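Visitor: I am new to this structure and would love a close look at one part of it. Could you pick a single spot, walk me through it slowly, and then show me what lies around it?

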Amino acid sequence: MTAVAILGGKPAVASEARIVSAGRRRGMGIFLVLASVLMLLTFGLGVSAGAETTFRLTSPFSTAWYLAPLHFPVRETSVVMAVVCAALGLLLIVRRRTRGTFVIFSLGVVLFLWSFLAWAARNNLLDLAGMIGATLISAIPIIFGSMSGVMCERSGVINVAIEGQFLMGAFIAEIIASASGDLWLGLACGALAGGLLGGLLAFLSLRYSADQIIVGIVINAFALGLTNYLTDTLLVPYQNTLNSGPTFSPIAIPLLDKIPIIGPDVFDQNIFVYLAIVLLVVLTTGLFRTRWGLRLRAVGEHPEAAETVGIHVLTVRYRNVIWGGVIAGIGGAAFTIGSTGEFSSDMTAGLGFVALAAMIFGRWRPYGGLLAALLFGFANSLQATLSVLNVPINPNILVMAPYLITIAVVSGLVGRVRPPANDGKPYRPQ
Amino acid sequence: MSDTGFTVPAAAPPASTSPVKANAPRGWSRFFHWMVEANVVMVTALAIFSGLFVGAVLIIATQANVLHAWSLLFSHPGTTVSVTFFTVGDAYRDLFTGSLGDPFVIGHAIATGHGWGQALTPLSETLLYASPLCVAGLAVGLGFRTGMFNIGGQGQLIAGAMAASYVGFEIDPPAIIHVPLCILAGFAGGAVAGFIPGFLKARTGAHEVIVTIMLNYVFLNLLVLALTTQPFQQPHQANAVGRTIFGSAELPHIFGQNLRVNVGVFIAIACALGVSWLLRRGTLGFGFRVVGANQDAAKVAGINVRRATILVLVISGGLAGLAGMISLCGSDYFLSAGYGGTVGFDCITVALLGRNRPIGIVLGSLLFAALNVGGRYMQASTGIPLDLASVIQAIIVFFVATPGLVNEVYRLRGMNVGQGLLTRGWAA
């Protein structure tokens, strides 16, 4: 990156195409073909001829304009979809071009999932609209977490402490909101708590050049230990005053919440969903279309060059790591005042790390992180749906699904990633 | 403190230390200079002190009686000071006597020759807790030395414990065969769990941090699955409780039935020696270190980087599995949901505390075991939650990981702390 590019007012839009190696493309094709065999034999021919399924598109009591439920035979649908899926897989195997690989692959996966859900809900009813809602709800903290990661890592500091910032944000937000009865104060304090841990990460890793991953892990251990300790000493004895607070109630956006299927799921939600959407838009534009974003990325890619043109590298990093902590703190608050209004020890259950994986899968881009978070959220809601539908799969295996899917995605679809060039490397001003 | 790293004779300092000054101090003067220098021992000691200090602040800030005493600060300052002092003092006294032993009880045992069992129980419990922690810490330390961050200790520990318990309850040969079989099974179980991230990293470039963390949750759920189905579930049990292993698979106690300390201690020491040998002498370990330091150089030198990546995680996972086997066959004897507790994560901090050197990890695991065992005693006698120990541990590692901070807070001189290779960021 040249000095001119850093100084210039018109930053180039990052539009690097994802490079997919021939081997990986072929692997995806083979995966689709195998999936189609499973679809054909199990979901299609394995189902008795008359079995039908219903996908409900409008939940009862929903304010959206009514859409009639989809009603279709399982066997025929699955067979057709299996054929299409196999064709897509073969296409991936034979064709030479890289462009569009992911679109084709995603299409095949969607077909597979559709047929799988139809099979799981045969002679039964599947609430598709509810499933989309559940996907978004469980994706929300992960979206915040991966945005936090993007903020930090684009400026060159690895933030493994998202989990700890989640926990601290959840804890502080709950305790403050519960004690004061003021949700907004709780949210602000939760954000502040995350920001403080971000500040600690920045302080130790920027001022003393400590290993950033190590500091992050220790911050997680610290936050876990501290919240556990304080839960035992404060929340358990004062459960009624400190740990049973109000929660944000949904706000319906007029008209938009009438959109069929996604309307109530996206536009009749609590403040966290809207915050996530705003943040996503702001961060995407900010990172790739503004001077602020260009400087931020310059610091993460080539701090020496950034310093040469007069950007104060460490200040930029401090600021971003602290803001990243604030974002993760808000994501943490979503666990308590955004959902149940109660804190329990280790309630984040590793989702901070999932957010980290989402950020990497999203290739350090906000919308990439969003997609990955939605994928994980979908795996979660799929698991919940399947356990309701009495699918003959052990519930303990279903619980593993989100984690297994993350592993599969990270190793199968992402592979070697290219992080910001100076991500995780300490910088000493010249 | 003075005999751990300091040598009194004024021999020429090793080449690695700071350059020798013309008027280098000698004798006791040199000792005092050493005391104010930022070397490994001083930094660690001050880190431990800082951890205990923060722990004391936390006790003061959260215990109702102390807070009440502080509200009397202006009317009865004496009460404030004495209540604070006694509460914190009691907590730390319990932490000490609960982990190392009560000096009075030990004195009584020495004087009368009776009650040795009671006197040595805390020490025995500390050693019992330390052995798996040490082996798991070695697993993480080995990874750090080669630039590989294995956070999957928890999952690998569970895999090892599951394999060991299967061998433990399924067959019943004499102990001389059964115990080694369990050791092998534990190592193999963990090694399989370590092979997955190693293979994925080597073949597809999936980052081991992500894969190992996800595998932790997979194995936690796999354990619940196994414990609610045959053959792992205890017969006639509705809960997720594992079958008890045969007596022949139990690790023999060293000092009779009353003290629970067992041969797991020797396994831990053997592992420490083995890892030390591997990293210092073995061709394999040399390859590991080269791959850790510079993958391109390793490739040019003809080292198979993929093979090394997989092998490091296999050995590391195997050690973590062995840790699971030691706690299963040494003290628990049956599996339960969430087996291993915090050991899978504590071992990371132990490895950091020990600076990834086997001897350091042995000492670090002893310290952490003492904090945990003593913390349990403290919880029982004073009501202060055990989690205080984990806060103290985190603070200690904060300071150990950033020697520069200790240097500034305590105004030490110079920097003589090598950190070695730790993690290598996200780039493969």
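**A close look at A379(A) and its surroundings**

Guide: Let us start with A379(A), which sits in helix α16 of chain A, a helix made of residues 366-388. Please keep in mind that this is a predicted model. Is A379(A) buried or exposed? A residue counts as buried when 20 or more other C-beta atoms lie within 10 Å of its own. A379(A) has 20 C-beta neighbours inside 10 Å, so it is buried.

Which residues does A379(A) touch, once neighbours within four places in sequence are left aside? They are A401(A), P402(A) and I405(A). For a sense of scale, take L279(A), which is 100 residues away from A379(A) in sequence. In space, 24 Å lie between the C-alpha atoms of these two residues.

Now step back to chain A as a whole. The domain assignment splits chain A into domain 1, residues 22-123, and domain 2, residues 138-414. The centres of domain 1 and domain 2 of chain A, taken over C-alpha atoms, are 32 Å apart. Where the two meet, 9 residues of domain 1 of chain A are in contact with 12 residues of domain 2 of chain A. On the domain 1 side of that meeting place there are 6 nonpolar residues, 3 polar ones and no charged ones.

A word on confidence belongs here too. The average pLDDT of chain A is 84, and 94% of its residues score at least 70. Residues 1-17 of chain A have a pLDDT below 50, and this stretch makes 23 contacts in the model beyond near neighbours in sequence.

From here we can look across to chain B. The two chains meet through 40 residues of chain B and 44 residues of chain A. On the chain B side, α10(B) gives the largest share, 9 residues. That side of chain B divides into 27 nonpolar residues, 12 polar ones and 1 charged one. One place to see the chains touch is V218(A): leaving aside neighbours within four places in sequence, V218(A) is in contact with T349(B), A394(B), V397(B), F398(B) and A401(B).

V218(A) also takes us to the largest nonpolar core, which has 264 residues. V218(A) is among the residues with the most contacts inside this core, together with V135(B), A136(B), L223(B) and L319(B). Helix α5 of chain A, residues 128-154, supplies the largest share of the core, 16 residues. The core also draws at least three residues from each of domain 1 and domain 2 of chain A.

Let us finish with a few backbone details. Most residues other than glycine have a negative phi, and most peptide bonds are trans. D346(A), a residue other than glycine, has a positive phi near 55°. D346(A) lies in the loop between α14 and α15 of chain A, and D346(A) is exposed, with 12 other C-beta atoms within 10 Å. R355(B) likewise has a positive phi near 55°, and R355(B) lies in the loop between α15 and α16 of chain B. Yet R355(B) is buried, with 22 C-beta neighbours inside 10 Å. Lastly, Q230(B) and P231(B) are joined by a cis peptide bond, with omega about 5°, and P231(B) is in the loop between α10 and α11 of chain B.

How values were computed: Residues numbered from 1 in each chain as written. Chains lettered and ligands numbered in written order. Predicted model: local features only at pLDDT ≥ 70, side-chain atom pairs only at ≥ 80, totals over all residues. Domains from an automatic or database assignment. Contact = placed C-beta atoms within 7 Å. Nonpolar A, V, L, I, M, F, W, Y, C, P; charged D, E, K, R; others polar. Helix = DSSP H or I, 4+ residues; strand = E, 2+ residues; numbered from the N terminus. Core = buried A, V, L, I, M, F, W, Y, C linked by C-beta atoms within 7 Å. pLDDT = per-residue confidence, 0-100.
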